[in-house]
Amino acid sequence: MPTADSVLDVDGPAAPPRFNGELAFNAPWERRVFGLTMALTENVFSYEDFRRQLIRRVGEAPDRPYWQSWAAALEDVLGAACAIDAAALDARHRQFLARPHGHDH
């Protein structure tokens with residue numbers, strides 16, 4: 001089974017933020033979206049397809065926080081691979097955002 005470092009773009013335009021050589025996450029959701037993406041690359045879409053979308057998303061908004069671009073790229077490849085309805089995904093996202101402060105997922 002490949003490790004995250006064996007498939008990640010370590011130095012290129014899709015390279016995730018690192019601190020002392022380790023992946024850097026500022027919030028629990030960032031770690032979760034990373035793990036979910038890596039799990040989905042095993043059976044749902046290729047890492048290369050995801051990587052291309054991530055590079056596109058980072059390029060379209062260079063000032064956007066990295067993990068937000070990562071999540072947007074994940075939505076893109078999931079939509080293409082699984083025909084996820086964008087309106088349903090947006091509605092679910094709004095439900096999560098409406099949860100009380102302190103709810104961690």
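In these legends, a residue is called buried when its relative accessible area is under 20%, exposed when that area is over 50%, and partly exposed in between, using a 1.4 Å probe and protein chains only. The structure is a predicted model, in which local features need pLDDT of at least 70, side-chain atom pairs count only at pLDDT 80 or more, and totals for chains, interfaces and linings use all residues. Residues are numbered from 1 along each chain as its sequence is written, and side-chain values use heavy atoms, with hydrogens and water left out.

**View 1. Asp 49, Glu 48 and Arg 52 in helix α3.** Asp 49 has a relative accessible area of 33% and is therefore partly exposed. Its side chain meets that of Arg 52 in a salt bridge, with 2.3 Å from N to O; the term salt bridge stands for a side-chain nitrogen of Lys or Arg within 4 Å of a carboxyl oxygen of Asp or Glu. Asp 49 and Arg 52 are separated by about one helical turn, because they lie 3 residues apart in helix α3. Helices, like strands, are DSSP runs numbered from the N terminus, a helix being H or I over at least four residues and a strand E over at least two. Arg 52 also forms a salt bridge with Glu 48, where the closest N and O atoms are 3.6 Å apart. Glu 48 and Arg 52 are 4 residues apart in helix α3, which covers residues 47-60, so about one helical turn separates this pair as well. Both partners count as partly exposed, Glu 48 at 36% relative accessibility and Arg 52 at 46%.

**View 2. The salt bridge between Arg 56 and Asp 76.** The closest N and O atoms of Arg 56 and Asp 76 are 2.9 Å apart, and the two residues form a salt bridge. This pair links distant parts of the chain, since Arg 56 belongs to helix α3 and Asp 76 to helix α4, 20 residues apart. Arg 56 is partly exposed, at 40% relative accessibility. Salt bridges also join Arg 56 and Asp 76 with Arg 57, Glu 60 and Arg 64 in a network. The structure holds 8 salt bridges.

**View 3. Trp 70 in helix α4.** Trp 70 is found in helix α4, which spans residues 66-82. Its relative accessibility is 0%, so Trp 70 counts as buried. Although Trp 70 and Thr 37 are 33 residues apart in sequence, their C-alpha atoms are 9.0 Å apart in space.
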